[in-house]
Amino acid sequence: MTERAEIDNIDKAREAEILKAEHELVWPSPEIRTNAWVTDYEALYKQSLDHPERFWAEQALALDWYKPWDKVLDESEKPFYKWFVGAHTNIVQNALDRHLHTHRRNKLALIWEGEPGDTRTFSYHALAREVAKFASVLRSMGVKRGDRVTIYMGRVPELVIAMLATAKLGAVHSVVYGGFSTEALADRIEDAQSRVLVTADGGYMRGKIVNLKQTADEAVQRSGYVEHVVVVKRTGHAVAMESGRDYWWHDLMNLPIASPRIETEILDAEHPLFILYTSGTTGRPKGILHTHGGYQVHVATTLRWVFDIKDEDRYWCAADPGWITGHSYIVYGPLILGATSFMYEGAPNFPYPNRWWQLIERYSLNILYTAPTAIRGLMRFGESWPQRYDLSSLRLLGTVGEPINPEAWRWYHRVIGQGRCPIMDTWWQTETGGFMIAPVPSVALKPGSATRPLPGIVVDVVTEDGKSCGPNEDGLLVVKRPWPGMLRTVYRDPDRFVEQYWSKFKDRGWYLTGDSARKDDDGYLWVIGRIDDVIKVAGYRLGTAEVESALVSHQAIAEAAVIGVPDDVKGSVIHAFCILRAGVQTPTEDDVKAHVRKEMGAIAVPSKITFVPSLPKTRSGKIMRRVLKARALGQPEGDVSTLET
C-alpha cells in the first residue's frame, strides 16, 4: 500500500469514527455522578457567567492567603490582565505549608518509582523539609526573588523539590524537558538569563542512560550565563564536574547551609512563578510566564472539578514535569489539594507492555491521566497485557495533549477502565495554565470530545471575521473572557504576546488559541488541530521553524520546510523537505535524522525526509507549507496564485 493510500485510510477511518461518536453518549455511573465535586454543571456554569468575579473569588477562598485581594480582576491594561490584585501569597504556602498543621502532615505527598524499580516516598512533612533545605542551598548561591533558575532533568523527585524550592524563595523556575538537546537547552537558559542550573548526571529511559550532564555542560558553554550547576546523582555513571561551578546535590543537602528552617517568601499575587518555553511560529521558543495567585486558584479548582480528587485518592499523572501538564497537574495542583501523587521515571512499555498496569495494581492507583499517544501505543499490544492485572482500584481516567480518537477512547474506557471509569478528555494549553474544556464526572461523555467549557471559561468557535460558527462548522477556537490561570505575557517580549494571542480579535478582546474546532448539535466541542505553523507529535508542540533551523544547520542542507502528516499512533509525524547545497553529496536520511536528534532531541526527528530542488513560496518568500502538505497527501493544492513562478 502506498503512503498516500495509508493516509487516506487513516483519515477516512477517523472521520467515520467521529461522526459515529457525535451521537454516542456515555454516562458515568450513578455513584460517581452523585459523589462528584460538581453535581450540577449547568447551574454552576450559569453562576460563573452571571457573576464571574464573585465566582472566581469564591473559588479562591478555598486557598490560604497572607493578605486577601482588594480587587478580583484588573482589566485596565488589557490584555495584560491582573488577578487578585493586592493579595499576598506564595503557591508553596498552599502546596506545602498549610498542610503541615493538619492531618495531612504525615500523609504521603509523593510516591515515586524509577525505571530500574527503585522506590522513594515523601510525606508532606518530609517533602516540605527537603524543599526548605534546597531553598536554603539556592539562597546560599545568591538566588533571590525574581531570579531565574533553570531545571533540566528526568522524572525524579528532585525535580519537584527544585521547582518548589525556587518558588518558595520567590525566584522563577524554567523547567526544560529532559529530552531536549544542547541547543534547545542553551536557548532557554539564555532567554531566561539563568545563573543557576539544576540537572542530574543522567536518567534512565528504556534501559539506557540518558547523559543529561553532558548535554547540560555543552549548553552552559554555549549560553554563557550559568555560574552554578547543581547535579543530582541519579545513575552514578562518570561525569565531568567543573571545580567551582558544579556541585553534587547530595553534598550540598548535607551541609549546614541546607537549613530546614527557612520562611516562605510573601509575594504579590502577580509575582512571577515560572517561565515555560513552548514552540511558536518563529524559530525562537516563547517563554510563557505564569504568576502565583491566579494560577494556583485555576489549577487547584479545575483539578478538583475534573478529577474529583478525594483525600484518600492516589493520583497518577503520567506526564513529564518538563511540560505544562506536569507543572499544573503533577506538582502544583495535587499538592495544593493535599493529594497523594504517583510519579514514574520510565516509558510505558519497557521492559514489557505491562509496566503501567503493574504499577496501577502495585500502588492501588485510583486516577490515571495520560496522553492519547500512550494509549494508542499500548493498544497495539492487545488486551491480554492489562487483563493480567487487577485494575479495579481505578475510578477515573483522563487524557491530555491532543484530541483522542474515538477508537482509542473506547479501548481505554472498556479495557483499562473496565467500563466503570469515565474518561476526562481535557483541552488546554501551556498558555492557559490549566483545564479549559473538559468534562466533570457528572456529565455525559462523547468518545473523542472534550465536552464543554468548564465553569468560568467562555469559549466559542468563530469564523475568520469573528462570527459564531453554526453546528458542525469548523472554525477558530477562541476564549472570550479572561481567566485566572492565563499567561501574563511572553517573557521579555510583550509585543509578541499581544501580536500572537490578541491581535486577530483585538477589538473584541478575545484570546486566539491557535486551534481549530467545531461544536456539534449538542454544543459539545471537538478540537481538530493547530492552525499555525506548529506540529503536535505525540502531544508535544514543535514549531516548524525550530525543526527547520535544526535541519539547515546540517552542512549539506541549504533550505528546509517541514509539515505534519497524520500518524495512527503519534497523531502526527514530521515530514521534511530539504534543498541541498550546491555541489554536495546527498546525505542519507539516517545521517540527517541523527543531526536533528543532536540539535533538538529525539522528539523532533522527522519520520521522512525528501530532498527536493525547490520549495513552493509566495512572492514575498514565505514557504507555502499547506501546498507541501497537499502534495504529500495527494490532495488539491488550492489557490496557488500567490506562488512565485
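1. Helices here are DSSP runs of H or I, at least four residues long, numbered from the N terminus. By that rule, Leu212 belongs to helix α9. The model is predicted, and the points below should be read with that in mind.

2. Start with α9 itself. It covers residues 212-223, twelve in number. From first C-alpha to last it reaches 16 Å, close to the 16 Å expected at 1.5 Å a residue. Its buried residues are Leu212, Lys213, Thr215, Ala216, Asp217, Ala219, Val220 and Ser223. Note that Lys213 and Asp217 are on that buried list. Just after the helix comes Gly224, with a positive phi of about 80 degrees.

3. Leu212 deserves its own look. Its relative accessible area is 2%, so it is buried. Which residues does Leu212 touch, leaving out those up to four places away in sequence? They are Tyr152, Met153, Gly154, Gly178, Thr199, Ala200, Asp201, Gly202 and Gly203. Its C-alpha also lies 8.7 Å from that of Gly179, with the two positions 33 residues apart in sequence.

4. On to helix α11, residues 292-307, which contains Thr302. Thr302 has a relative accessibility of 1% and therefore counts as buried. A polar atom of its side chain lies 3.3 Å from the backbone oxygen of Val299. Beyond residues up to four places away, Thr302 touches Tyr329, Phe435 and Leu454.

5. Aromatic pairs come to 34 by the ring-centre rule. One of them is Phe55 with Trp305, a tilted pair at 6.0 Å centre to centre and 35 degrees between the planes. The pair links distant parts of the chain. Phe55 sits in helix α4 (residues 52-60) and Trp305 in helix α11, 250 residues apart. Phe55 counts as buried because its relative accessibility is 1%. Trp305, at 5%, counts as buried too.

6. A second pair is Phe134 with Trp249. The ring centres are 4.1 Å apart and the planes meet at 15 degrees, so this pair is stacked. Phe134 lies in helix α6 (residues 124-140) and Trp249 in helix α10 (residues 249-253), so the pair ties together parts 115 residues apart in sequence. Both Phe134 and Trp249 are buried.

7. Ring pairs also build a cluster. Its members are Phe80, Tyr81, Trp483, Phe497, Tyr501, Trp502 and Tyr511.

8. Two charges sit over rings. Lys233 lies over the face of Trp248, 4.7 Å from the ring centre. The charged end of Arg508 sits over the ring of Trp510, 5.1 Å from its centre.

9. Back to α4. Its buried residues are Phe55, Trp56, Ala57, Gln59 and Ala60. What covers them? The cover includes α3 (41-50), β1 (71-74), β2 (82-85) and α11.

10. Check the cis peptides. One joins Lys78 and Pro79, with omega about 10 degrees. Pro79 lies in the loop between β1 and β2. Another runs from Phe350 to Pro351, with omega near 0 degrees. Pro351 is in the loop between β17 (340-344) and α13 (355-363).

11. Check the positive phi values outside glycine as well. Phe84 has phi near 55 degrees. It lies in strand β2. At 0% relative accessibility, Phe84 counts as buried. Asp308 has phi near 50 degrees. Its place is the loop between α11 and β16 (314-317). Asp308 counts as buried, with 2% relative accessibility.

12. Last, the cysteines. How many disulfides does the structure hold? Zero. Why is Cys317 in no disulfide? The cut-off for a disulfide is 2.5 Å between cysteine sulfur atoms. The nearest cysteine sulfur to that of Cys317 belongs to Cys421 and is 17 Å away. Cys317 is buried, at 3% relative accessible area. Cys469 counts as buried too, at 14% relative accessibility.

Notes
Residues are numbered from 1 along each chain as its sequence is written. This is a predicted model: local features need pLDDT of at least 70, side-chain atom pairs count only at pLDDT 80 or more; totals for chains, interfaces and linings use all residues. Side-chain values use heavy atoms; hydrogens and water are left out. Helices (H or I, at least four residues) and strands (E, at least two) are DSSP runs, numbered from the N terminus. The expected span of a helix is 1.5 Å times one less than its number of residues. Buried means under 20% relative accessible area, exposed over 50%, partly exposed in between (1.4 Å probe, protein chains only). A polar contact is a pair of N or O atoms within 3.5 Å; within protein, one must be able to donate a hydrogen and the other to accept it, and residues adjacent in sequence count only if both atoms are side-chain atoms. Contact means heavy atoms within 4.5 Å. Rings of Phe, Tyr and Trp (its six-membered ring) pair if their centres lie within 6.5 Å; planes under 30 degrees apart count as stacked, over 60 as edge-to-face and the rest as tilted. A charge sits over a ring if NZ of Lys or CZ of Arg is within 6 Å of the ring centre and within 35 degrees of the ring normal.
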